[in-house]
Amino acid sequence: MTSRNIGKLTSIDAQLRLLAPAKVLEDDKLVEYDALLLDRVLEILQDLHGGEIRETVQECYELSAEYEGKHDPKILDDLGKVITYLDPSDSIIIAKSFSHMLNLANLAEEVQIAHRRRIKLKKGDFTDESSTTTESDIEKTLKRLVGN
């Protein structure tokens, strides 16, 4: 049995334990979850729609991530060109793929928050984490999107 098949048989938690050492910070584990989820989504896309769709989604994802880090208008232009020249049916598949990836990333974040709460409760820390701001704070997100 190949390692790829073994990976499909094990849970994401088991794969995470193999990828992330025991002393990895909790926030780093969330990044690892996101990477594993992205890999799974890309594998499913390839199985369902072929390699070309997978490559296009991966290219859009990478360009988006690069733009987020650099804010270079040329990167945004490159992303726009990829999206503009898509076949209409492919654009629907790609849009749905990003929607699923965002939902999975949000789910991973919720699981991470619940995990942190359990750890805090075990330690006797009863402060309410829901009052703290997170990356998913809607006001901050909207301001970032608008550019203010």
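Exposed here means a relative accessible area over 50%, buried means under 20%, and partly exposed lies in between. The model shown in these views is predicted.

**View 1. Lys 74 and Asp 78 form a salt bridge in helix H5.** The closest N and O atoms of this pair are 3.2 Å apart. Helix H5 spans residues 73-84, and the two residues lie four positions apart in it, so about one helical turn separates them. Lys 74 has a relative accessible area of 52% and is therefore exposed, since the cut-off for that class is over 50%. Asp 78, at 25%, is partly exposed.

**View 2. The side chains of Asp 77 and Lys 81 meet in a salt bridge.** The N to O distance is 3.4 Å. Asp 77 and Lys 81 also belong to helix H5, where they are four residues apart, or about one helical turn. Asp 77 is partly exposed, with a relative accessible area of 41%. Lys 81 is partly exposed as well, with a value of 44%.

**View 3. Arg 40 and Glu 43 form a salt bridge in helix H3.** Their side chains meet at 3.2 Å, N to O. Helix H3 covers residues 26-49; Arg 40 and Glu 43 are three residues apart in it, which places about one helical turn between them. Glu 43 is buried because its relative accessible area is 13%, under the 20% cut-off. Arg 40 has a relative accessible area of 22% and is partly exposed.

**Overview. The search of the whole structure finds four salt bridges.** Among them are Lys 74 with Asp 78, Asp 77 with Lys 81 and Arg 40 with Glu 43.

Key:
Residues numbered from 1 in each chain as written. Predicted model: local features only at pLDDT ≥ 70, side-chain atom pairs only at ≥ 80, totals over all residues. Heavy atoms only, no water. Buried < 20%, exposed > 50% of the residue type's maximum accessible area, 1.4 Å probe, protein only.
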